[in-house]
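Please open the model in your viewer, with the sequence panel beside it, and follow the stops below in order. Each stop says what to select and then what is to be found there.

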Amino acid sequence: MNYNLEDLTKIIEFKTWSDKRKIDTLLEIDCNMYCNMGIDSNKTEREMTKRNSRKIYNAIKQVDPIVGTKLLQAMD
């Protein structure tokens, strides 16, 4: 199943999924956002993708604080 940005809270709250699966799915959403950007993407679209990426990393931080913090630090 393909997940998107609106599914962040749903993914985090899954009880049957392992933390690794949750993080992998969240990173897959992040990857798809960046892969869908192209050379014709304007500045607003790039900034929106970066903001959404920060939301995803904060969601990862709720699952695994160490990994989420490192991703957020690497972003800046």
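The tour goes from the whole chain to the nonpolar core and then to single residues.

**The whole chain**

Begin with the cartoon of the complete chain, bearing in mind throughout that this is a predicted model. Colouring by secondary structure brings up four helices and zero strands, and reading from the N terminus the elements follow the order α-α-α-α. The radius of gyration is 13 Å, close to the 11 Å that the globule rule gives for 76 residues, so the protein is as compact as a globular protein of that length. If you align the view to the principal axes, the C-alpha atoms fill a box of roughly 40 × 30 × 15 Å.

Next, switch on the surface, of which the protein exposes about 5400 Å², with carbon and sulfur atoms supplying 52%. Of the 76 residues, 34% count as buried. Selecting the charged side chains gives 13 positive and 12 negative charges, whose mean positions are 4 Å apart. A contact map adds a further view of the fold: among contacts between residues at least 6 apart in sequence, 39% join residues at least 24 apart.

**The nonpolar core**

Now hide the surface and select L8, I11, L26, I29, I56, Y57 and I60, which, of the 17 residues in the largest nonpolar core, touch the most other members. Colouring this core by helix shows that α1 (8–13), α2, α3 (43–63) and α4 (65–75) each supply at least two of its residues, while the largest share, five residues, comes from α3. In soluble globular proteins, nonpolar side chains tend to be buried together.

Which residues does I11 touch, once its neighbours within four places in sequence are left aside? Displaying its surroundings under that condition brings up Y3, W17, K22, T25, L26 and I29.

**Along helix α2**

From I11, move to T25, which sits in helix α2, spanning residues 19–35. Is T25 buried or exposed? Its relative accessible area is 10%, and because a residue under 20% counts as buried, T25 is placed in that class. Beyond its neighbours within four places in sequence, T25 is in contact with Y3, I11 and W17; Y3 and W17 also appear among the contacts of I11.

Staying in helix α2, select N32, which is partly exposed at a relative accessible area of 37%. A distance label drawn from the C-alpha atom of N32 to that of Y57 should read 14 Å, for two residues that are 25 residues apart along the chain.

**Helix α3 and helix α4**

Go on to T44 in helix α3, where the relative accessible area is 54% and the residue is exposed. How far is the C-alpha atom of T44 from that of I60, 16 residues apart along the chain? The separation is 24 Å, and I60 is one of the core residues selected earlier.

The last stop is L71, in helix α4, which is partly exposed with a relative accessible area of 24%. A residue must be under 20% to count as buried, so L71 falls outside that class at 24%. With neighbours within four places in sequence left aside, L71 is in contact with L27, Y57 and I60, and Y57 and I60 are both among the core residues that touch the most other members. Finally, label the C-alpha distance between L71 and N58, which are 13 residues apart along the chain and separated by 8.9 Å.

Definitions and conventions: Residues numbered from 1 in each chain as written. Predicted model: local features only at pLDDT ≥ 70, side-chain atom pairs only at ≥ 80, totals over all residues. Heavy atoms only, no water. Buried < 20%, exposed > 50% of the residue type's maximum accessible area, 1.4 Å probe, protein only. Contact = heavy atoms within 4.5 Å. Rg over C-alpha atoms; globule rule 2.2 N^0.38 Å. Areas by Shrake-Rupley, 256 points an atom, 1.4 Å probe, with all protein chains shown as cover. Lys, Arg positive; Asp, Glu negative; His and termini not counted. Charge placed at Lys NZ, Arg CZ, Asp CG, Glu CD. Core = buried A, V, L, I, M, F, W, Y, C linked by side-chain atoms within 4.5 Å.
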